[in-house]
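Hello,

I am handing over the structure below, followed by notes on what was found in it. Please look it over before reading on.

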Amino acid sequence: MRVVTVAAERLERWVAGFAERHGGATAGPGQDVVEFVGADGDHAWVEVPFPPLAGDLVEHVLRPRRVGVLLVRRGGYAAGVFDGTALIASKVGSSYVQGTTKAGGWSQQRYARRRANQASAAFAEAADAAARVLAGVPLDGFVAGGDREAVRAVLADRRLAHLEPAGPWLEVKDPKLKVLAAMPEQFRAVRIRLDP
């Protein structure tokens, strides 16, 4: 099984190309996944972004949505709200979290405690920023990315308890404003599983 990712704007062309390459195709209805079966027996499963599917697949994928995004790594965070592909509210910040050390014994334990305390403070700062940006905003979807453990720590804040990440996990190395602004490319993309 092979997985491809297609930009939302290219989905209609991809579906037409699949039908053309496989001698025609039929689509099986689904709320979370739409299955295309080619006349030659090949299959493609299109994962519906922001399920359940409402109406036509291509129209559903292209529909503008208000989406909340939270990106967290140990050294920084970014929270934002998108209206379609436009970033309409955001907060970005960074904190120092000491890296690992090669020292042994008491020093290693001391540095580990310091790192844990710095990470806790950084996650609390990220939770404050995320609450300012995301709390009380009506959203059609919410996605997250970065370090999974860090995101869980931030979402443990009671002000963010209503947020449950859905959709693909966003890949991010450094949560800066420029990176946040580029996230619609990832959260709007459509994953397709192909067989064979």
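In the protein chain of this predicted model, 56% of the contacts (heavy atoms within 4.5 Å) with a separation of 6 or more are between residues 24 or more positions apart. The chain has 196 residues, and 41% of them count as buried, meaning under 20% relative accessible area with a 1.4 Å probe, protein chains only. About 10800 Å² is exposed by the protein chain, with carbon and sulfur atoms supplying 50% of that area (Shrake-Rupley method, 1.4 Å probe).

Six helices and nine strands make up the secondary structure of the protein chain; these are DSSP runs, H or I of at least four residues for helices and E of at least two for strands, numbered from the N terminus.

There is one cavity of 30 Å³ or more. A cavity is a set of points on a 1 Å grid over the protein atoms alone where a 1.4 Å probe fits but cannot get out, and lining residues have an atom within 4 Å of a point. The largest cavity has a volume of about 40 Å³, counted as the space filled by probe spheres set on the points, which are joined across faces, edges and corners.

Its lining consists of V72, R73, R74, G75, G76, Y77, S94, S95, A122, F123 and A126. Two or more lining residues come from each of β5 (66-73), β6 (76-83) and α3 (105-134), and α3 gives the largest share, three residues.

Residues are numbered from 1 along each chain as its sequence is written. Local features need pLDDT of at least 70 and side-chain atom pairs pLDDT 80 or more, while totals for chains, interfaces and linings use all residues, and side-chain values use heavy atoms, with hydrogens and water left out.

Regards

Key. 1 Å grid on protein atoms, 1.4 Å probe; cavity = no way out; pocket = protein on both sides within 12 Å on 5 of 7 lines; lining within 4 Å. Buried < 20%, exposed > 50% of the residue type's maximum accessible area, 1.4 Å probe, protein only.
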